[in-house]
There are 2 protein chains.
Amino acid sequence: VPLSLLGTTTGRSLAARASDALFLRACRRETVERTPAWIMRQAGRYLPEYRALRERHDFLTFCRTPELAAELTLQPIRRYPLDAAILFSDILIPLPGMGVEVAFEPGPKLERTTRTRSAILELRTPDAREAAPYVGEAVRLVQRELGGRVPLIGFAGAPFTLASYLVEGGGSKNFEHTKALFYDDPETADLLLGKCADAVASSLRAQLEAGVDAVMLFDSWAGILPPAAVRRFALPFARRAFENALAAVGYEVPRIYYAGQAAGWLEDARDSGAQVVGVDWRVDLDEAQRRLGPDVVVQGNLDPCVLLAPLDEVRRRAQALVRSADPRLGHVFNLGHGILPGTPPEAVAVLLDAVREASQRRVP
Amino acid sequence: VPLSLLGTTTGRSLAARASDALFLRACRRETVERTPAWIMRQAGRYLPEYRALRERHDFLTFCRTPELAAELTLQPIRRYPLDAAILFSDILIPLPGMGVEVAFEPGPKLERTTRTRSAILELRTPDAREAAPYVGEAVRLVQRELGGRVPLIGFAGAPFTLASYLVEGGGSKNFEHTKALFYDDPETADLLLGKCADAVASSLRAQLEAGVDAVMLFDSWAGILPPAAVRRFALPFARRAFENALAAVGYEVPRIYYAGQAAGWLEDARDSGAQVVGVDWRVDLDEAQRRLGPDVVVQGNLDPCVLLAPLDEVRRRAQALVRSADPRLGHVFNLGHGILPGTPPEAVAVLLDAVREASQRRVP
């Protein structure tokens, strides 16, 4: 059986199995009995069982070993009543397939920068099923284990964010090289972004064919741009990646777009083509709902630092956030950014309980 | 003659002399013949004459030596047709007077953290004229040299930003300790913020008495907070610092409040009590004007990375920004953040010329 066929079949059957899940119904703006909740980086360093495995394997080995990625994906699901799992992976996983290796020290460090037209022309746009087969394999292992209990979210970095890593060769304070290229030479930027969009679409497609129930793009660095540049360089390429991935598999799943520091252009985030927009804590949840309007579900947006507070305060703030949401508009609870490594695991239990309690009470 | 009397007299006469200046008229929302322009960190590392002095003196010596601070303040004024000077100093200058020494390595490093109630109780609220007499002396030297040619802006860090530095002991990625203290124990946070507001007010007062023509608070870190926390912890204390400083001198000058990453709570920035609000490039200028309304002048907001582009592109983007402003609402041109050290000096000349040309053309 060719991999693509097997993947598609598995994907369809699992998507069908999970389609009644609270999280997926909330993403589709169906009426839900309570607010679903999951946590960005829920499989991560704050968990002692993660740190125990981390003593024996490095981060890239985690990403590239299906059994380990699956185990890490499932760790928080075993411990907490989460409404979605998210594959353990990294937003930069498409890059090696494009021809640029990535190391984590612990921040991402690329083997070279990609700033010139000729360097961009040399980038490959791989078939992610061949370039990163371990991702699909991890998805299949997770779905077998989950058995439809909760849906599984697949993800990648959004095209602009991948492009900015390629240009800078890693993280950056001011993204001077990215902006220099994008401001001076939009045609070359388009070439780079197009290749990134194709690589991202292929990655999402591979995850869909392996069976994820929703797809998410993290546009971690879109927030460094002026709104006009977001509209020009970030959103259209995120939309293209989503659309090409879903067109390739031929069925729909919820699309989630996350961008921090997006309060200056929140309405525009709809142009990512996502039905769910993740926002950080720098904007009030009800204002985000109002600005994004009735067709978009807002995902977020508790400040991750709240989880470092005493448990009573965690409960109080989570409840206040859930109650601040407009019940006529959609809401998926999450943090406004990834959970901090120093978070006490018991705070997450209190948090999820508080979200559940506060949102159940609201249902008439 | 007591220092305070001397200062007040000097301040009044200079403020009167400069009151016709374009920049001050624009801050007061009077009709202006073109858009005034100055640049955050205009006295800084991008200038070869700054770097030449920097080879012989460290940053703190710059701040604490009136002759050097005055010389640095004047360097960009000699080179460019700027519409305002800003005193060469640092936002953390009030801290040593509060009892906490600061080193620059090059980022600020405080001698200790201030996180407990007892540590906060030990902070002093000094009279800045005695704690940092070199600041007033630098102001007097600059004003003597400027002779009313352009107005001089005095400044300090806003109370919340000073408080966050005190709690963290320096810069921070996530400001976990600040948020832990502020979220858990708002009364202790108030105590800290109150002391910071008093120290900031004293610093602004000392600068006013020495003769600055406008005062600015940089709330560099307010943007890390959720909007509700900005409203609770940042804005009221900025307002208190402004009001106490101006009440102490007994006359009005323009108050400028800068906060980056403020697009989630821009309307609220009016509650800082400032007539001029500086914004970063993460929000469209005309939207910032609309959201802040007719009583506030918007200052900003070109992405500093634009100055790294070819000169034609600098000109084009500066003109486009100036033209995007609603001419019925106030605008002071600036960057959205401090100028980058790698900026070519000739780009600043092109920038200022473009702003002048584009805004003059708009006047009927």
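Me: In this predicted model, what does "buried" mean, and what relative accessible area does Cys196(B) have?
Reply: Buried means a relative accessible area under 20%, counted with a 1.4 Å probe and with protein chains only as cover. Cys196(B) lies in helix H12 of chain B, which spans residues 186-210. Cys196(B) is classed as buried because its relative accessible area is 0%.

Me: How far apart are the C-alpha atoms of Cys196(B) and Thr161(B)?
Reply: Along the chain, Cys196(B) and Thr161(B) are 35 residues apart. In space, the separation between their C-alpha atoms is 9.1 Å.

Me: Which kind of axis relates chain A to chain B?
Reply: Two copies of a chain are related by a rotation about an axis together with a shift along it. Here chain A is superposed on chain B by a rotation of 180 degrees with 0.0 Å of shift along the axis, at an RMSD of 0.0 Å. That relation is therefore the one given by a two-fold axis.

Me: Which residue of chain A has the C-alpha nearest that axis?
Reply: The rotation that superposes chain A on chain B is one of 180 degrees. In chain A, the C-alpha nearest the axis lies 2.5 Å from it and belongs to Ala263(A).

Me: Why are Glu209(A) and Arg205(A) separated by about one helical turn, and what is the distance between the closest N and O atoms of their salt bridge?
Reply: Both residues sit in helix H12 (residues 186-210) of chain A, and because they are four residues apart there, about one helical turn separates them. Glu209(A) counts as buried at 4% relative accessibility, whereas Arg205(A) counts as partly exposed at 27%. The two residues also belong to a network of salt bridges with Asp127(A) and Arg129(A). In the bridge between Glu209(A) and Arg205(A), the closest N and O atoms are apart by 2.8 Å.

Me: How many residues apart are Arg231(A) and Asp268(A), which form a salt bridge?
Reply: The closest N and O atoms of this salt bridge between Arg231(A) and Asp268(A) are 2.8 Å apart. The pair links distant parts of the chain, since Arg231(A) is in helix H13 (residues 227-249) of chain A and Asp268(A) is in the loop between strand S6 (255-258) and strand S7 (276-278), with a separation of 37 residues.

Me: Is Arg291(B) buried or exposed?
Reply: The side chain of Arg291(B) meets that of Glu287(B) in a salt bridge of 3.5 Å, N to O. Both residues lie in helix H14 (residues 285-292) of chain B, four residues apart, which is about one turn of the helix. At 15% relative accessibility, Glu287(B) counts as buried. Arg291(B) has a relative accessible area of 6%, so its class is buried.

Me: Which residue follows Glu105(A) across a cis peptide bond?
Reply: Most peptide bonds are trans. The bond that begins at Glu105(A) is cis, with omega about -10 degrees. The residue on its other side is placed in the loop between strand S2 (102-104) and strand S3 (108-110) of chain A, and is Pro106(A).

Me: What is the phi of Phe175(B)?
Reply: Most residues other than glycine have a negative phi. Phe175(B) lies in the loop between helix H10 (159-168) and helix H11 (176-184) of chain B, and is buried with a relative accessible area of 1%. Its phi is a positive value in a residue other than glycine, near 55 degrees.

Technical notes. Residues are numbered from 1 along each chain as its sequence is written. Chains are lettered from A and ligands numbered from 1 in the order in which they are written. This is a predicted model: local features need pLDDT of at least 70, side-chain atom pairs count only at pLDDT 80 or more; totals for chains, interfaces and linings use all residues. Side-chain values use heavy atoms; hydrogens and water are left out. Copies are superposed by least squares on the C-alpha atoms of residues with pLDDT of at least 70 in both. A salt bridge is a side-chain nitrogen of Lys or Arg within 4 Å of a carboxyl oxygen of Asp or Glu. Helices (H or I, at least four residues) and strands (E, at least two) are DSSP runs, numbered from the N terminus. Buried means under 20% relative accessible area, exposed over 50%, partly exposed in between (1.4 Å probe, protein chains only).
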